[in-house]
Structures are given as C-alpha cells and as structure tokens.
Amino acid sequence: MADKHSMSEMDQKLVNVKIDGKAITAPASLSAIQALWYAGYSRIKSVGCLEGVCGSCRVLVRRAGNSEVRTQLGCQTLIEEGMQVMFLVFPRPTHHTYKLEEISSSWEVQTKFHKIFPEASRCRECRGCNASCPKEIDVMKGVALAAKGRFREAGELFVECVMCDLCLTACPELIAPNHVGLFSRRVTAYFHTRPSNLIRRLEGLQRGKFKVNVEGETP
Amino acid sequence: MTGILYSEALTHYQAAKSRDLKKSDMATDELLQAFHPDYREDSLVSLSVGSNQGDSCHRQLAELLQSDARIDEADLAGASIVKTDVLVIGGGGAGCAAGLMAEQAGARVIMATKLRLGDSNTVMAEGGIQASIERGDTPQMHLDDSLKAGHYRGDPKLVAKMVMDAPDVIRWLIQQGMQFDLDEFGDLMTRRAGGTSADRVVYYRDYTGLEMMRALRESVRNSKIDVWDYSPVVELMSNESGHCAGAVISNLKDCSYVLIEAQTVILATGGIGRMHLNGFPTSNHFGATGDGLVLAYRLGAKLRDLDSFQYHPTGLAYPQHLAGTLITEGVRSAGAQLLNGLGERFVDELKTRDHVSAAILKECAEGRGVRVDEKTAGVWLDTPGVERANPGILAKRLPKLVELGNKCGINPVEMPLLVYPTLHYQNGGVVIDEHGQSTVPGLYCVGEASGGIHGRNRIMGNALLEIISFGRRAGLQAAEMSHGRGHKKVTIGHLSKLRRELAVAGMPMEMKGPMLFPECAKFEKDADYQGFRRKKQ
C-alpha cells in the first residue's frame, strides 16, 4: 500500500482468461464483467449494481492449476492469469410463497414456517449452501435456527445476503435457504419492531398535532 | 491533473478525532458558481423542441430528449397485445411501492423492468431514510431543511406531502418486513444528514437500500403482480385524446415487441448516472440511463430542473476499477473529516452535498488535491479519525465501507480513503402533482425520474423517503383511475409529430433513444443476443 508505484504497475499487467468460452487478454485490475466489455463483447444480462449488492452477476470460477470450481459474483471477481469464468443464468423465482399478513400472531410463525418451507427440516447438512455463498454466510446454520423457530438469530446471519440465489441453486433439497433467511428477517421486523419514538410520532400525527406551513421559510 | 503526490500527501496526513477548520469557507453561491459541474457553461444547451422548449438542459441529456425513436409503426405489425389496468415501468423501490399499492387496491398490475426486479439504485442506497420522529424535531423542520438544501427551488406542496407521510412510510416498511437499527430500548436510531437541523435519518447499517429492496421484492413476488424481467420499454403509447395508454416492450431474447395496453402507466425508471455527465464517474446502477425522461418527454410531459444534478462528495477516487463507488454520507455523519494533500481540513463536511463537492473540486483544481496519476486525484476521507473517536464503529455501523476497503486493499480503520465527487442523482425530472400524476393524463411518475421535490440539491435520506411516499400515492391513484372501460385506439402516433418537430428544428436525428444500456455494454452489436434491432443496411 505504501508503494503506490508498484500497485499502479500491477493494475496495468495483462492477463489471459477465458470468459464464457471467449479467450480474452485484459488488465488484471478488471472484474470479469469489465474484462468482457474491455474485449468488445456485449454483456447485459447478469449485470446490475456492479458493487456486489444486487446479486445479479453469478459466475462459476476456476483458477489456474486448481480443479475446484467456485461460485462468485462477476463484478467482484478480479481476473487472474489462466482463470476460467462462466456466467450463470438467474433461476426462476422460488416456489415458496407466503404473505406476512396471513400470519395471525407471533405464536403462529413457527407452524406457518414449516408449512411454507417444509423442506427446511429435511436439511441433509451437505454444506452446499455455505460453499456457494459469495458473502460467506453460515447459511446452513441459518436454516437450522429457523427450523427451530429461532427467527431473530437466523435472520441476523443473513444481514449481508444479496439474494443472489446461489444457495437456492446449490441446495439439493430445494430449501431456498436465502428465502428462509429473508423470511426470518421479515417476521422479526413484522412482529417485533415497535419503536416507541416512531409510535409516539404516529399518534401525534393522528391527533393533528403536527401541521406544516407550505409557505415554508423564505430565503 | 496537478496536486500533491500520493506518497508525499501521506506524510502530511495524520489521523485525528477532529480538527478545527482553519481556512474560511467560501460562501455557497460563490463556490458553486466557480466549481460545481452544473455551472459549467459549455455543458448546458437550450432545448429546441417539446414542452420544455427554450429551457436550459444538460447537453448530453438534451441529445437524448431530442433523439429519434427506436421504432416506427412498421415494427409493431403483428406484435402481440397484452392488457392490464396499471403498468409499472421500473423494478426499483418506487416501482415496487406503486405496484403493491395498486395491486392491493384491486387493480391488475404488470411490472416491466429492464433488468431484474430489484436491479436499481434503491438496492445500493446506504445512508438511510428521513422521517421526523425524534422529540424536538417536526415535519415542519423536515420541510424547511429540504427546501433550504434545495436552494428554495423545490415545490413546497410536494415536499409537505412527503414529510407528513414520512413516519407512516417507516411503519409501512416495517410491515413489509424491513428491519431498522434500534437502540437498547428498541427505539429507531437516527443520524444527521448534511445541511439539516435534526437527527432524522433512520437506517439499517449502511445497507438501508439492500434491506428495503429485499423486503419489497419478496412482497412483490408474493403478490398477484405480473413481473416482466428483462423487458425494456422503448416507447409509450397513447389514445386518440393524448391520454397515456400503455407501452411498447422490447424482448431482449428474440428482439420481438409486445404491446402492453394499460389504463394508467406509472414510470419509475430512476436516474441518469450512466450517462456520465461531464465525464464524471458515477455511483449509479448499470441501468440508470434516464429512459423515463425520454419516454415521458416524447409524449408531451413537462420536465423540470434538467440542468441540476447531484455529485456526491465521497465517491471512491482510487483504485481505477472501483472509481465512482459510493462511500455513504453516513461516514461523515459519524464524524469523518475531509483533508487535502497538505493534511488540512478545508470544508465543513456536513454542509449540503453540492457545497462539499464543489469544495473538493476546488482543492483539486487549485493543486491541493492528492494525486495518484495524470487522471486521478482526490482528497482524504479520514476514516481512522472516526475509529479513534469511537472505537469499533466502522465494523459495527458501516460494514459496507469496511468491505469496500477490503476490495481496495486499504483498511479504513488504519488508512484514509481517497475520494472525489461522483455523479449520484438527478435532482429534476418529470413534473408531478401530489399523486405523482404528470402533465400527461394517465401518466404517473415516481422516484428519481420525477422532479420538484429536491429543488437543486437533495439531502441524504430524502430519496428513499420519496420513492415510498410517492410510490404509494401514485399506486393508489393509478388504481383508482383504472376503472374505466379501457382505451379505444392505442398507438404510437405521437412519434410522427415528434419526428416532424425534430426535422423542422434541424436536429441531427442520428442518435436513437431511450439509451437503455450504457455504452460500455455494447448492446447494439450484441454477440449473444443479436442486438436489439438489426441496423438498417
């Protein structure tokens, strides 16, 4: 870091990669998406925020001299010499459906959860979800916590989840683990977030305590 | 670019909890005139055709507003027609809020989005959402702050609706299953936005937009809304009396067109960052190409403040491949100061965004910036200083910042980040009323694509508030206005008038709009998809 000069030089170094079967030579400072564009290829699908929070750019990555294939986000994958990258299509929406309003009280959540996500209690602990997660979330533990009714704790594990659906793709039991995580987060807010400062203000508004003067201040 | 070399500047830098402001800060008006990109004379033109004829507009935006359409009548021969009550165009926060309200009100809703549902600037929003909920704060103060920060160019009636909606917007979001950061008593935590008079921004870490989008997308997917992914709109349609009556969708897969006839249309297409105005980097999403403005303008909608854009003060300046990436204002809210290459503080960091950006551009223009190479310069954001004042705060409250540091190979706890203004937000847009209705009957517009709320400068947290407040308003109203028997004749007849006007005004008509995708994606010569429309030989 102290030596800026050498860092700049490294950015400019060209490397050879294969992206979706296309041989590309591009600077090492580029992401897999940028490298495709740099080489003149089009890429529209699987591009989103380019910051690693939208989960659109799912890729399979294999590095030189390593047979392991990893799942990552394309915008967050800097290219390396000999790297192979394949873009994955985005899966169809999960078959699990529910409406929060249909859960009548917090006593009902656990029962409802198992009706909505019957597969969650059949987790075979293969760890495919954990291995697939680009955010290194302990997905499997999240599913186990949710299956036990520990929704707040389960949801906390999914703070960084970008809903890339890679764990959904990886799960052989079709649990849709990221949706289990999101369900856990949503019921926690829906049933337990009751901030007194907000409630006080809503009461005040309802009583007509606050009015605004649209003339406002004048400059 | 002149400036102080990175390695030398580093020797001037010392982390500190806080420093006094030594130099006297320039007055805002003077500073903006001299250094804010909106005031560069060569970047502005006057519009030649349309409802805003004669108005000042950014040159690059004007080119698109006065571009030729991508289609003509012949392209639509044999195209299939789908009918619905409400068509929502755009799948970000504003579109979701509008769609959900319309669906709840009993309307049939189609949501057409250029990329996937949720691919938007909403998901990237970090700072938070404004709502006056603390003791000592009032909706009136929220209104006054918003108008003042917008240099009194916002529409007070719209802002009044938004600030009064705000607390209920937060409740609605909680009911959608969105979490917020709470204190030990379960109260919503608040922080202060630059240029405001009270702690009013509620948030979830620096993932506020991500958390919001996760909840809203799940709500939409579990509703009866029919979501069309990868379905960019290339033109709006109208009936014989000029009422907006649907849109032409292009299918990315087989280049065919589908006509959606709708009783009402809600545009929620977002901003323009990917136009890279004045060559600035952007913090925006891949799809932020200003399509909604072009579509609405062609149908005759009035726009406003087309020469006013927000350059967020703290975009990452280095490394190159991440240039423009946003560092949330929450970091400055938490106390981080800005320092030039001499290690001096030069601006009150919590002034409005336009002021702080102009101050950074001034330091760089006058040779006091930190220089990396010929093209890259910036100023320090003293994140280690914040950590000193409040150990552990970065990891706990600003995890996205720490992750960004990891990607740069810089630990923000120990090293300052180099920042430079980044194109962030379109302040103006389609003129709307309190229900989000544009000047064209049947055409609603919400979120960043609409104008009038932020005047010439937006404060942190008002964007996330606006999309939900006005998204809900427009959704309800559009559903209510969709009880008619449908339109008789729905066409793209407005295009012949447009082409005539463009020809009379002597416009080049070489460019086709809307832009749909940034240039870098090379959409037109797409190898995998054959392109949107093969070029005429």
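1. Helix H9 of chain A (residues 196-206) has a buried side: Asn197(A), Leu198(A) and Arg201(A) are buried. "Buried" here means that 20 or more other C-beta atoms lie within 10 Å of the residue's own, "exposed" means 12 or fewer, and "partly exposed" is anything in between, with C-beta atoms placed from the backbone. Those three residues span an arc of only 100° around the axis, so they sit on the same side of H9(A); the arc is taken from the directions from the helix axis to the C-beta atoms. Ser196(A), Glu203(A) and Gln206(A), on the other side of H9(A), are exposed. Part of what covers the buried residues of H9(A) is H6 of chain B. After H9(A) comes Gly208(A), with a positive phi near 75°.

2. A word on the basis. This is a predicted model, in which local features need pLDDT of at least 70 and side-chain atom pairs count only at pLDDT 80 or more, while totals for chains, interfaces and linings use all residues. Residues are numbered from 1 along each chain as its sequence is written, and chains are lettered from A and ligands numbered from 1 in the order in which they are written. Helices (H or I, at least four residues) and strands (E, at least two) are DSSP runs, numbered from the N terminus.

3. Now the interface between the chains. In chain B, 66 residues are in contact with 53 residues of chain A; contact means that C-beta atoms, placed from the backbone, lie within 7 Å. On the chain B side, helix H1 (6-12), helix H5 (139-149), H6 and helix H7 (208-221) each give two or more residues. H6(B) gives the most, with 11 residues. By class, the chain B side has 35 nonpolar, 14 polar and 17 charged residues. Ala, Val, Leu, Ile, Met, Phe, Trp, Tyr, Cys and Pro count as nonpolar, Asp, Glu, Lys and Arg as charged, and the others, Gly among them, as polar.

4. H6 turns up again inside. Helix H6 of chain B (residues 156-175) makes the largest contribution to the largest nonpolar core, 10 residues. That core has 182 residues, and Val265(B), Ile266(B) and Leu267(B) touch the most other members. A nonpolar core is a set of buried Ala, Val, Leu, Ile, Met, Phe, Trp, Tyr and Cys residues joined through C-beta atoms within 7 Å. Leaving out residues up to four places away in sequence, the contacts of Leu267(B) include Ile89(B), Gly292(B), Leu295(B) and Tyr444(B). Another core, of 39 residues, lies apart from the 182-residue one and includes Ala334(B) and Val379(B).

5. Have a look at strand S12 of chain B (residues 244-250), where 7 of the 7 residues are buried. S12(B) is joined to strand S11(B) (residues 233-238) by 5 bridges, running antiparallel; strands pair if DSSP finds at least two bridges between them. Leu236(B) has Ala247(B) as its bridge partner. This hairpin has 5 residues between the strands, and Gly242(B) in the turn has a positive phi of about 85°. S12(B) also pairs antiparallel with strand S13(B) (residues 257-267), over 5 bridges, with Val248(B) opposite Leu259(B). In that second hairpin 6 residues separate the strands, and Cys255(B) in the turn has a positive phi of about 60°.

6. Back to chain A for its domains. The assignment gives domain 1 (4-87) and domain 2 (100-192), with bounds from an automatic or database domain assignment. Their C-alpha centres lie 30 Å apart. The contact takes 8 residues from domain 1 and 7 from domain 2. Strand S4(A) (residues 69-73) gives the most to the domain 1 side, with 3 residues.

Notes:
Contact = placed C-beta atoms within 7 Å.
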